[in-house]
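Work through the exercises below with the model open. Try each task before reading its solution.

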Amino acid sequence: MSGTVTAAAVGFTSASMGVTLATMFPGTSPGILIGALAGTSIYVLTSEPYTIWKQVIFSVISFIVGVWMADPVSHILDGMVNTVTRNLHPPVTVQISPSIAAMVASAVAIAVLLRILKRTQKGPIPGLDEGD
């Protein structure tokens, strides 16, 4: 009996957290939210082992970037794919879904951020000198 109650409590907590998270991004389609969550999961599962708090913070940042950058990344991916498919006979046009773009953006966001941080620790980044 206690196993059923525990499972119901976990399900209720997960559902209420999902609703709370969805209300933080009004007007965002559920597909983009799920794509960003999937990208965050990909990042967490494939990343280097960090402390639990760093992983939580990276996960939140990854999710937010995935939601916010879904449309711009969708257009960037459209351009990249259509550059290749334009050479086919007959020419093919592909449109990348913002949900897929949200997954890509959230999976790549923290990796790019960590690479920039590692580069700045080695010295100044060319083109971003303080004298410019």
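**Exercise 1: Phe25 and the cores**

Leaving aside neighbours within four places in sequence, Phe25 is in contact with Leu33, Phe63, Ile64, Val67 and Trp68. Contact means heavy atoms within 4.5 Å. The model is predicted: local features need pLDDT of at least 70, side-chain atom pairs count only at pLDDT 80 or more, and totals for chains, interfaces and linings use all residues. Residues are numbered from 1 along each chain as its sequence is written, and side-chain values use heavy atoms, with hydrogens and water left out.

Task: Which residues form the largest nonpolar core, and which helix gives the most to this core?

Solution.
- Step 1: Fix the terms. A nonpolar core is a set of buried Ala, Val, Leu, Ile, Met, Phe, Trp, Tyr and Cys residues joined through side-chain atoms within 4.5 Å. Buried means under 20% relative accessible area, exposed over 50%, and partly exposed in between, with a 1.4 Å probe and protein chains only.
- Step 2: List the members. The largest core has 8 residues: Phe25, Ile32, Leu33, Ala36, Phe63, Val67, Ala70 and Ala102.
- Step 3: Assign them. Helix 2 (30–46) and helix 3 (52–68) each supply at least two residues of this core. Helix 2 gives the most, with 3 residues. Helices (H or I, at least four residues) and strands (E, at least two) are DSSP runs, numbered from the N terminus.
- Step 4: Look for another core. A second, separate one has 5 residues, including Val73, Leu77, Ala101 and Ala105.
- Step 5: Set this in context. In soluble globular proteins, nonpolar side chains tend to be buried together.

**Exercise 2: The aromatic pair**

Task: How many aromatic pairs are there? What is the geometry of Tyr43 and Phe58?

Solution.
- Step 1: Apply the rule. Rings of Phe, Tyr and Trp (its six-membered ring) pair if their centres lie within 6.5 Å; planes under 30 degrees apart count as stacked, over 60 as edge-to-face and the rest as tilted. The count comes to 1 aromatic pair.
- Step 2: Read the geometry. Tyr43 and Phe58 sit edge-to-face, at 6.4 Å centre to centre with 80 degrees between the planes.
- Step 3: Place the partners. Tyr43 lies in helix 2 and Phe58 in helix 3, so the pair ties together parts that are 15 residues apart in sequence.
- Step 4: Check burial. Both Tyr43 and Phe58 are buried.

**Exercise 3: Two polar residues**

Task: Are Ser59 and Thr85 buried or exposed? What do they touch?

Solution.
- Step 1: Take Ser59, in helix 3. Ser59 counts as buried because its relative accessibility is 18%. Beyond neighbours within four places in sequence, Ser59 is in contact with Thr40 and Val44.
- Step 2: Take Thr85, in helix 4. Thr85 counts as buried because its relative accessibility is 12%. Not counting residues up to four places away in sequence, Thr85 touches Pro91, Val92 and Val94.

**Exercise 4: The loop before helix 5**

Task: Where is Pro90, and what kind of peptide bond joins His89 and Pro90?

Solution.
- Step 1: Locate Pro90. Pro90 lies in the loop between helix 4 (70–85) and helix 5.
- Step 2: Check omega. The bond joining His89 and Pro90 is cis, with omega about -5 degrees.
- Step 3: Add Ser97, found in the loop between helix 4 and helix 5. Ser97 is partly exposed, with a relative accessible area of 34%. Ser97 and Leu77 are 20 residues apart in sequence and 9.5 Å apart in space, C-alpha to C-alpha.

**Exercise 5: The whole chain**

Task: How many helices and strands does the protein chain have, and what share of its residues counts as buried?

Solution.
- Step 1: Count the elements. The protein chain has 5 helices and 0 strands. Their order from the N terminus is α-α-α-α-α.
- Step 2: Read the burial. Of the 132 residues, 23% count as buried.
- Step 3: Read the contacts. Among contacts with a separation of 6 or more, 66% come from residues 24 or more positions apart.
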